[in-house]
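Hi,

Here is the structure I said I'd pass on. Have a look first, and my notes follow underneath.

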Amino acid sequence: MPTETIASVVANGGAPSVPAMPEHPDRALLLSGEESGERVAIHCEATSFDAATADLRSVAALRIRGGRVLTSQRLILSFWPTEPAEPALSRLLAFIGNRPLVGYYLDFTVGLLDRLVQPMVGMALPNPRIEVSSLYYGRKAKAPGKYAVDLRLDSILRDLDLPPRGGEDAYASALAAAMVYLRLEPPRP
């Protein structure tokens with residue numbers, strides 16, 4: 001690798017040149033300034049609840065447009081330790097784009113994805129985040145009386161008179177988070 005001298009740096013007008021990381025095509029999708037008005041409900045399944053060490057097993061993502069969950073526009077991906085994750089993660093990033101992420105226990109989901117996405121595209125997910133348990137807590141905290149608020153997803157669904165989850169998988173949890181979001185933050189006409 002050639003070494004730059006101080007004279008060549010001054011002649012070139014500044015700091016030494018650093019070889020740039022090649023631009024990943026998914027990075028442009030995440031940073032797009034185009035606003036679609038859609039949200040993406042997302043949930044991950046992993047081998048543990050420690051985002052720093054867990055292995056990703058599956059991801060489910062659904063688009064939310066206006067007051068509807070677009071179940072026909074969903075993405076469900078499975079990950080295996082023996083296969084490279086980059087092709088599936090590229091599909092996920094293309095599906096998410098720059099849309100805000102909606103979820104339950106979203107810090108875990110995004111933390112797990114960031115650990116895999118950052119080395120691939122050179123940055124963590126920049127998407128705005130909407131945690132449905134925080135929305136629910138904010139609503140319950142305004143109610144008169146002092147009592148504990150049950151923030152379990154199934155309890156939130158029951159309290160909001162929404163259908164129970166249809167399973168314990170990533171898709172059922174992403175769909176439940178989308179329904180909670182729409183109940184607590186209905187779209188403005």
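Gly122 comes just after helix H4 and takes a positive phi of about 85 degrees. That is in a predicted model, by the way, so please read everything below with that in mind.

H4 itself is worth a scroll. The helix covers residues 106-121 and has a kink of about 35 degrees, centred on Asp114. Asp114 is also one of the buried residues of H4. The others on that list are Leu106, Phe108, Thr109, Val110, Leu112, Leu113, Val117, Met120 and Val121.

Now for the rings. You'll find two aromatic pairs in the structure. In one of them, the planes of Tyr105 and Phe108 are at 10 degrees with the centres 5.5 Å apart, and since planes under 30 degrees apart count as stacked, this pair is stacked. How exposed or buried are the two partners? Tyr105 is partly exposed, at a relative accessible area of 42%, while Phe108 is buried, at 7%. Phe49 joins Tyr105 and Phe108 in one aromatic cluster.

Two arginines also sit over rings. For Arg63, the ring is that of Phe95, with the charged end 4.3 Å from the ring centre. For Arg74, the ring belongs to Tyr171, and the charged end is 5.2 Å from its centre.

As for the overall layout, the protein has seven helices and five strands. Starting at the N terminus, the order is α-α-β-β-β-α-β-α-β-α-α-α. Of the 189 residues, 38% are buried. If you take the contacts between residues at least 6 apart in sequence, 61% of them join residues at least 24 apart. The accessible surface is about 11,000 Å², and carbon and sulfur atoms account for 56% of that.

Last thing, confidence. The average pLDDT is 83, and 80% of the residues score at least 70. Which elements mark the two ends of the range? Strand E4 (residues 101-103) has the highest mean pLDDT, 97, and helix H1 (residues 6-11) the lowest, 40. Over residues 1-22 the pLDDT stays under 50, and the model has 12 contacts beyond four places in sequence for that stretch. Where pLDDT is low, the predicted coordinates shouldn't be read in detail.

Shout if anything looks odd on your screen.

Cheers

Technical notes. Residues numbered from 1 in each chain as written. Predicted model: local features only at pLDDT ≥ 70, side-chain atom pairs only at ≥ 80, totals over all residues. Heavy atoms only, no water. pLDDT = per-residue confidence, 0-100. Helix = DSSP H or I, 4+ residues; strand = E, 2+ residues; numbered from the N terminus. Contact = heavy atoms within 4.5 Å. Buried < 20%, exposed > 50% of the residue type's maximum accessible area, 1.4 Å probe, protein only. Areas by Shrake-Rupley, 256 points an atom, 1.4 Å probe, with all protein chains shown as cover. Bend = angle between axes of the 7 residues up to and from the residue. Phe/Tyr/Trp six-rings, centres within 6.5 Å; stacked < 30°, edge-to-face > 60°. Lys NZ or Arg CZ within 6 Å of the ring centre and 35° of its normal.
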